[in-house]
Amino acid sequence: MTKTVLGEMDGDYKEEESFAVFSVYHSDGFNGWGNGISYINRAEFTYNAGVDDDDDGLGGWTGGYYYPKSGSLSFAAYSPFSAHAATLGAGTGTFEYASSGLTITNFTVPALAEQYDLMYSERIYNKTGNGVSDGYEGLDLVFHHALSSIKFKVQKKAAYDGYTITLKGISMQNIKYKGNFAENIPAETEGTPNYDSEPAWTEISGQATYVFFDGSEVLDKYGENQYEEIVDLKGAILLPQAFAEGNAALIKVDYTIKPTSMAEISQTATIPLYKLTTEWVMGKRYTYNISIGYDTITISPTVIGWEDVNGDVAVN
């Protein structure tokens, strides 16, 4: 079973989270985001168990807004609400919404302990209250992951009887952590039934190290030749980016080898990321399977042939 990354959404939206909503009003049906009247501008919607959401008993996420008596509203959102900040710092960016969709400026990926699943929604067009006085027309909001998910699994390559292999650390180094995002909704598809966009990130200079494991885990108990998820081995949600030869991004693995009744020997392996994948794409999970082992020491002796030395012995 693959564990989710801390803060990651999978399926239903978590009730303890909140998201930001944009909405534009048109009196006679959607005819362009920029042509309507801004009705909701980055408002926080939170879970309300008392809301009658189509009588399914699940409650709903509300922000204190109501449908106009006529016309229709079109919606978009991003998550989490707190990702937008006037004063930028780790885990924040400047979020704006316009005709071409969501843009994020100067988004900075936070450290692993503070990470969350940054998401943007598909647009929802031409929704109305339908004149209902004791309820409303619920919105089926579809979010997309804006970042890439990174996971690790580890195995001991073979039994190696008489030797103990211990994992000491896994980190990714020289990773781009800051960027700009544009949803890029094509003008010709705006308002059409089939949602369409060309989302992309632009990296900004700056590199960081993300530590996935910093402990001591003896791999013997997991068995040989079987990839396992170490209990304390963290996952990450990182900026989509490309890797090519010469790129400094790498995976660093620290471990020890201990022969029975002998001293423990520390080892380090570094693997350039470009040798494993050409890029991280938003919305995709990359699982790196690390196999730790070593080669048997083999010695093939040869013997130099005897060199003949002649000695003359005189016996008188």
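Where along the chain is the place of Tyr39? In this predicted model, Tyr39 sits in strand E2, the run that covers residues 37-48. Tyr39 doesn't act alone at the surface, either: together with Tyr65 and Tyr66, Tyr39 makes a nonpolar surface patch of about 360 Å². As for how much of this residue shows, Tyr39 has a relative accessible area of 32%, so it counts as partly exposed.

Next come the salt bridges. The count comes to five, and three of them are picked out here, including the one between Arg285 and Glu8. The side chains of that pair meet with an N to O distance of 2.6 Å. Arg285 belongs to strand E18 (residues 285-292), while Glu8 belongs to the segment before strand E1 (19-26), so this contact ties together parts of the chain that are 277 residues apart in sequence. Are the two partners buried or partly exposed? Arg285 is partly exposed, because its relative accessible area is 35%. Glu8, on the other hand, counts as buried because its relative accessibility is 12%, and the cut-off for buried is under 20%.

A second salt bridge brings together the side chains of Arg123 and Glu190, at 2.9 Å from N to O. Here too, distant parts of the chain are linked: Arg123 is in the loop between strand E7 (119-121) and strand E8 (124-127), Glu190 is in the loop between strand E12 (178-182) and strand E13 (200-203), and the two are 67 residues apart. With just 6% relative accessibility, Arg123 counts as buried.

Then there's the salt bridge of Asp220 with Lys156, where the closest N and O atoms are 3.6 Å apart. That distance makes the cut, because a salt bridge needs the nitrogen within 4 Å of the carboxyl oxygen. Asp220 comes from the loop between strand E14 (207-218) and strand E15 (236-238), and Lys156 comes from strand E10 (residues 148-156), so the pair ties together parts that are 64 residues apart in sequence. Which partner is buried, and which is partly exposed? Lys156 is the buried one, because its relative accessible area is 5%. Asp220 is partly exposed, with a value of 29%.

What about empty space inside? A search of the whole structure turns up one cavity of 30 Å³ or more, and the volume of the largest cavity is about 30 Å³. Which residues line the largest cavity? They are Gly7, Met9, Glu17, Ser79, Pro80, Tyr116, Asp117 and Met119. Sorted by class, that lining has four nonpolar residues, two polar ones and two charged ones.

Finally, two pairs of residues show how spacing along the chain and spacing in the fold can be set side by side. Ala244 is found in the loop between E15 and strand E16 (250-259), and Ala244 is partly exposed, with a relative accessible area of 46%. Ala244 and Lys275 are 31 residues apart in sequence, and their C-alpha atoms are 8.2 Å apart in space. For the other pair, Ile204 has its place in the loop between E13 and E14. The relative accessible area of Ile204 is 21%, so Ile204 counts as partly exposed; the cut-off for buried is under 20%. Ile204 and Gly36 are 168 residues apart in sequence and 33 Å apart in space, C-alpha to C-alpha.

Terms used:
Residues numbered from 1 in each chain as written. Predicted model: local features only at pLDDT ≥ 70, side-chain atom pairs only at ≥ 80, totals over all residues. Heavy atoms only, no water. 1 Å grid on protein atoms, 1.4 Å probe; cavity = no way out; pocket = protein on both sides within 12 Å on 5 of 7 lines; lining within 4 Å. Points joined across faces, edges and corners; volume = space filled by probe spheres on them. Nonpolar A, V, L, I, M, F, W, Y, C, P; charged D, E, K, R; others polar. Patch = residues over 30% accessible without salt bridge, like charges linked within 9 Å, V, L, I, M, F, W, Y side chains within 5 Å. Areas by Shrake-Rupley, 256 points an atom, 1.4 Å probe, with all protein chains shown as cover. Helix = DSSP H or I, 4+ residues; strand = E, 2+ residues; numbered from the N terminus. Buried < 20%, exposed > 50% of the residue type's maximum accessible area, 1.4 Å probe, protein only.
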